[in-house]
Amino acid sequence: MVAETMTDARGEQPSGKPLALVVDHLTKRFGERTAFEDVSFSVAQGEVFGFLGPNGAGKTTTVRTLGTLIAPTSGSASVAGIPLTSDNGPEIRQRIAIMPENPGLYRRLTVTENLQLFAGLYEQRHAAARIGEALEAVNLTARAGDLCGSLSKGLLQRVGLARALLNDPAVMFLDEPTSGLDPVAAHEVNDLINGLRQRGVTVFLTTHRLEEAERLCDRVAILSTTLRLVGRPDELRERLFSRSLIVETLTPLVAPDDVFNSTDGVESWRPEGASSYVLSVTDPRNSAPHVTRALVAAGADVVSISESRHSLEDVYLQLIDEDPEASQR
Amino acid sequence: MKFSVRRLGAVLRKELREYRRSPFIVVTMALLPLVFLIEPLITIFRIGPSVAASVVDRAVGATFLVLLVAPALLPAVIAAYSVVGEREQGTLEPLLTTPLRREELLLGKALGVVVPAVGIAYVLFAVIQVCARLFASNAAVVSALGQGPHILAEVLFAPLLAGWSIWVGIGISTRASDVRVAQQLGTLSSIPPLAVVALVSFNVFTPSVTLAVVFALVLLVADVVLFRIVVALFDRERLITGARALRTPSGGGQVPPASAVRQIRRIERTGGRDDG
């Protein structure tokens, strides 16, 4: 019922797919301190959902709440189709996997021994085969006998991912999986997340790396105690920023007003530097030819005309700038 | 989801594997009682054939006291590390994200400490028996050490005394925020049962099969009660976040009653003292 009544604030729902996560007005307070408040969204099966926000925004607490590690103060949720209650904790945990920011592996045990512990906790019937598959999925078969204490941080993250694969989870929560990794190791982890998407695993990804979220996630949510936005990265850009063209000429235009004010599709313009102009347009693709013709007609030497691209980082910074509390955390 | 022996076994195997990788932990557990045993052993060996029975009783009592110190004292430090140690090394949260129930985790942890502690105690007992038979010159000493009540006391009390220390240690570990504090408090936990053992060993109570059985039953009940208390103390939310969970009758997803909120806020305002 929650899914049908979803509003735009929860983001556009991918059509036709059953929901893996439904969160409805969820709030968590620790005494007087609010970790997150009135959070509502849903995630479809097989979706990679990015959860972004500044430090202290409540991302990890949200993951812990949905993972039944801590109880919400109010609101409701369903995880992997099971209502979030303390009674359902073991059943929910059987169907999900959480990889905390710190993989938390036993450093005196080997990779295989660590995985054997968790295969036992998930009561895997064919544990050895399952461990072999998980190690193969993260390309760690050759290091199976190594002590975890001897592995690099990147390799430890991969062991953590292998552990998260053991129970074939319906929903996988990855909390800052590339935190502290060098670019190569982070790229490897991203490839693994892409692999999960191809296997149809629902991934709930919290990250500080906005380019990573933009590249990996079908939709993202931006949290700053309350949920600020949910949607596809391109939707969020369009929602927050007007579409624009950036024009650069060899020399400054003599009468830019005359050129731009009479051009079809240009709503407004402003100079940016000596011979660059930013034009707000209704549709960059249709307006570009009109602008080019107007510039040529005015005798301008055009160096370039390009669409202004706002990244997810721009969206994020714009939203966080609007939140006075975020800068104080 | 019901209690699972497989999950319990997985925790126990992990604990024993960690000991295997760090044999120093078990070796140091055995060293302390060995050092304590030197003096009573020498005393036993020095007792001549014609020494009074009361001297023999005192020497044997002292030996048994040391033998029972081992299972009561040694597991306390390791048990006190069990939960807070996992928390400090960051391995507790991944464990709690699995279907593992708190009873399974706590019993697995406890068995992981009982096995080496009781093993060491039994080995020490066997060593004493063998040494007495080989080197003691007083037949009454050998006879006293091999008496049924003494053997029964060792066999019964070693796991039961270890159980007491372990449950108190784990209980402290679930609430402590620092490993050092937990271990220091855990060491103190073994004192109460040892006081009773001392009274028996020095013949304030005369050792008998009945007394051994009664004391064992009392310890058994205490161990079960302690286990239930420790399970109740084990609060996932507190362990993960350091904050106390607001429990609702049907779990998460519902607003806790206003009285519960007021109660928690009052405790927070008073720094943990519940004046109400």
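## A parallel pair in chain A

In this predicted model, strand β3 (residues 48-52) of chain A runs parallel to strand β9 (residues 219-224) of chain A, and four bridges join the two. A residue-level example is A:Phe49, whose bridge partner in β9(A) is A:Arg219.

## The six-strand sheet

Strands β3 and β9 belong to an open sheet of six strands in chain A, ordered β6-β7-β8-β3-β9-β10. The pairing within this sheet is mixed. At its edges stand β6 (96-99) and β10 (226-231) of chain A, each of which pairs on one side only. On average, and with direction ignored, neighbouring strands of this sheet are turned by 15° against each other.

## The four-strand sheet and its helix

Chain A also contains an open sheet formed by four strands, in the order β2-β1-β4-β5, with antiparallel pairing. Here the edge strands are β2 (33-44) and β5 (82-83) of chain A, and each of them pairs on one side only.

Within this sheet, strand β1 (residues 19-30) of chain A pairs with strand β4 (residues 74-79) of chain A in the antiparallel sense, over five bridges. For A:Thr27, the bridge partner in β4(A) is A:Ser74. Helix α1 (residues 59-66) of chain A lies across β1, β2 and β4 of chain A, and the helix runs at about 115° to β1(A).

## The contact between chains A and B

The contact between the two chains draws 42 residues from chain A and 39 residues from chain B. Together, chain A and chain B bury about 3700 Å² between them, with 56% of that area on carbon and sulfur atoms.

Six salt bridges are found across the interface of chain A and chain B. In one salt bridge, the side chain of B:Arg7 meets that of A:Glu123, with an N to O distance of 2.9 Å. Between chain A and chain B there are 14 residue pairs in polar contact, counting pairs with both residues at pLDDT 80 or more.

## Chain A's side of the interface

On the side of chain A that touches chain B, at least two residues each come from β1, β4, α2 (89-95) and α3 (111-121) of chain A. Of the elements, α3(A) gives the most to this side, with six residues. Sorted by class, the side of chain A that touches chain B has 18 nonpolar, 14 polar and 10 charged residues. Strands β1 and β4 of chain A thus appear in two settings: they pair with each other in the antiparallel sense, and each supplies at least two residues to the side that touches chain B.

Terms used:
Residues numbered from 1 in each chain as written. Chains lettered and ligands numbered in written order. Predicted model: local features only at pLDDT ≥ 70, side-chain atom pairs only at ≥ 80, totals over all residues. Heavy atoms only, no water. Pairing = 2+ DSSP bridges. Contact = heavy atoms within 4.5 Å. Axes fitted to C-alpha atoms, helices over the stretch in contact; angles between N-to-C directions. Buried area = accessible area lost by both parts, 1.4 Å probe. Salt bridge = Lys/Arg side-chain N within 4 Å of Asp/Glu carboxyl O. Polar contact = N/O pair within 3.5 Å; in protein donor to acceptor, adjacent residues only side chain to side chain. Nonpolar A, V, L, I, M, F, W, Y, C, P; charged D, E, K, R; others polar.
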